[in-house]
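Trainee: Could we go through this one together? I'd like to know how the descriptive words get earned.
Mentor: Sure, let's have a look at it.

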Amino acid sequence: MAKIALLVPREEMVYQAHNLLQEKSYQDPHFEITCMKVVRTKNVVMEARQAIADGASIMIARGLQASLIKQYTDIPVIEIVITAQEMALLVMKAKQIVKKEHPVIAVVGFPNMFCDMSYFDVIYDIELRAFFASNHEGLRQAALEAVAEKVDLIIGGDVAVETATSAGVYSLFLSTTEDSLRNAFLMAKSISFAMDVERKKAAQMETLLDNSFSGVANADSRGRITKVNLQMEDMLGLSGKKLSGHLLTDVFPDLDPVQVERILEKGGEGYSTFFQVNNTSVYAILAPVLVEGKVDGGILTCHKMVRKLTIEQESQQKRHSNGLIALGQFSDIFQESEAMQDCIHKARLYALSDMPVLIEGEPGTEKRLMAQSIHNASLRNRSAFADVSLKGLTDEEQFSLLFGEGGAVVQADGGTLLLEDGDVLSLSNQYRLLQLIRYRLWQGKGLPQTKHLDVRVMITTGVSGSILELVKQGEFRNDLYYLIQGLNLEIPPLWQRTEDLKRKLELSIRESCEQYGRYHVLTQGAMKLLLDYRWPGNLYQIENFCQRLILTAPKRSLDEWAVKRLLWELYGKEETENGADGKKGEERMGSFRPENQQSKQLYETLIKYGGNRKKTAEALGISKATLWRQMKKYGLE
């Protein structure tokens, strides 16, 4: 069993490590931290060598200290990297301090301390500038450079904060949560496990490879792959047989060949890097396998950082060279609820017909996916599926896009044409659509410009009955309405499909956790609150909400206070209480019923500040003792 030493620069990191080690996941024979010390940078190499002499075979450290240990020792060093979530919390706090639109925020420190912050500018509406130092003496110079560039706030360690304060610039200490340590511990556990198993039988190596949560590749001393696990096969899209015998640097061209050669020839500290594998970001660690002090190969471990492809990107990957295809299948639709099962049963029957289909539903429901599924279940599934959105287009633009030479109608010949937001179709183009559906006739600008086309039409609208209202107002042809409304589908919103809503919430939470490398769980109260909410934006709103919830989560367990606070912040007081479904706020408060205006104000303020008593008392202008008495009085303690 590998012995692990933790050397850190601050006392609170040791306390965080002690807290983590109480978790059940670290009660493992392959994970033992035998040394935890707070050390000064000037003494870190000496302390590391002493830990090695005491039997440590893996080192965990941060920043410059990690770099020095790597440079002057020969064991794997796992760097404590500040996570994206931790940086997000610091950036959000910085914005609150600066109180300025699009602030310029500087990060001062060592490059190996930070996560990838490439997209922080876009995500958080800031300008993020990094000032990295290569040694301890360079920290002050890096901070002075940030001051000289007149940034609004500096995030960094003691030196950076001290320099910013002297210059009269806002500053924020580079504090961390337990997440960065947890990631380091997980990596240490993985390497420790690998080092132990490599000394044992080949069958035990099989167990390691097949049960790892990350992609793992085993290489011999020449750098040629000998074995990979199922996760690595899935990551690369290639079988183990095809990968066997290939050089690591050929399969993973972003690996530094000099570093790979150094590890496989001389051993020493491990090599870590970030790169892309099939549009997936991975954090890779290459560690040497030592048998009786000699290098016997290496193990490459790739930890996935999930990035979801957009529908357009996925479509482009799967698009035929000469035509448009529909990607959706009925199996892709959430259908655990009875309401959706009935809807899909009807849609499957509609797939047998060539008549037009009218699909109605709220924004964010599966209207487009339903149309694709009907097409793919029909006899037209090998023909084109053209999808056109009509919203915001003029009469002339609609004509050009639909009925012009080479337009969607022509492209969809023999297949299906989906008109999204079909209720905005102009009267002149409604007539042309009527001719296409009723007589299979395409009509261009002039009367002689006609030809026969075989196109099945599907139309989506946002609100049930909207086209009928347009017919009454004379803005939609009644003959076209009666032609398209025979095979109609109304997609039930998620708030009417409790089973589907719960599955979507669970899936979005899990995907967000995987994407950001986080591990969060909802309490029962938090899940009930989410199930009770109206979700007017349906799937799209849930996905974005869960992304934000996980990205900014302050702790592992997410309770109803955290959910209420984010609902309030994103959608405002009225929509959060009413759930956008017309219910009164009092009906949405669960077991709490406000007795008077004071109790209601107390409840609302507690929600606004996520249950934080200090902030709530300050907002109400009362003491914490008075706040506690009022909470107890109204049953909010």
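Trainee: At what angle do helix 6 and helix 7 pack, and how far apart are their axes?
Mentor: In this predicted model, helix 6 and helix 7 (residues 158-166) pack at about 40°, and their axes are 9 Å apart.

Trainee: Why is helix 6 called oblique to helix 7?
Mentor: Set the angle of about 40° against the cut-offs: under 35 degrees would count as roughly parallel, and 65 to 115 as roughly perpendicular. The angle falls in neither range, so helix 6 is oblique to helix 7.

Trainee: Is the crossing left-handed or right-handed, and which residues meet there?
Mentor: Helix 6 and helix 7 cross in the right-handed sense. From helix 6 come Leu 139, Arg 140, Ala 143 and Leu 144, and they meet Val 159, Ala 160, Glu 162 and Thr 163 of helix 7.

Trainee: What else does helix 6 touch?
Mentor: Helix 6 (residues 138-148) packs on a sheet, where it touches strand 5, strand 6 and strand 7. That sheet is open, with four strands in the order 6-5-7-8 and parallel pairing.

Trainee: What makes strand 6 and strand 8 the edge strands?
Mentor: Strand 6 (127-132) and strand 8 (170-173) each pair on one side only. From one strand to the next, the twist averages 20°.

Trainee: How do you know that strand 5 and strand 7 pair?
Mentor: Pairing takes at least two bridges, and strand 5 (residues 104-109) and strand 7 (residues 153-156) have three, in the parallel sense. In one of them, Ala 106 has Ile 154 of strand 7 as its partner.

Trainee: How does helix 4 run relative to strand 8?
Mentor: Helix 4 (residues 84-98) lies across strand 5, strand 7 and strand 8, at about 155° to strand 8. Over 145 counts as roughly antiparallel, so helix 4 runs roughly antiparallel to strand 8.

Trainee: How does the reach of helix 4 fit its 15 residues?
Mentor: From first C-alpha to last, helix 4 reaches 21 Å, close to the 21 Å expected at 1.5 Å a residue.

Trainee: Which residues of helix 4 are called buried, and why?
Mentor: Gln 85, Glu 86, Met 87, Ala 88, Leu 90, Val 91, Ala 94 and Val 98. The word applies because their relative accessible area is under 20%.

Trainee: And in the other sheet, why are strand 15 and strand 20 at the edges?
Mentor: That open sheet has five strands in the order 15-16-19-14-20, with parallel pairing. Strand 15 (385-389) and strand 20 (487-490) each have a single partner strand, so one side of each lacks a neighbour in the sheet.

Definitions and conventions
Residues numbered from 1 in each chain as written. Predicted model: local features only at pLDDT ≥ 70, side-chain atom pairs only at ≥ 80, totals over all residues. Heavy atoms only, no water. Helix = DSSP H or I, 4+ residues; strand = E, 2+ residues; numbered from the N terminus. Axes fitted to C-alpha atoms, helices over the stretch in contact; angles between N-to-C directions. Contact = heavy atoms within 4.5 Å. Expected span 1.5 Å × (residues − 1). Buried < 20%, exposed > 50% of the residue type's maximum accessible area, 1.4 Å probe, protein only. Left-handed = near helix turned anticlockwise from the far one by under 90°.
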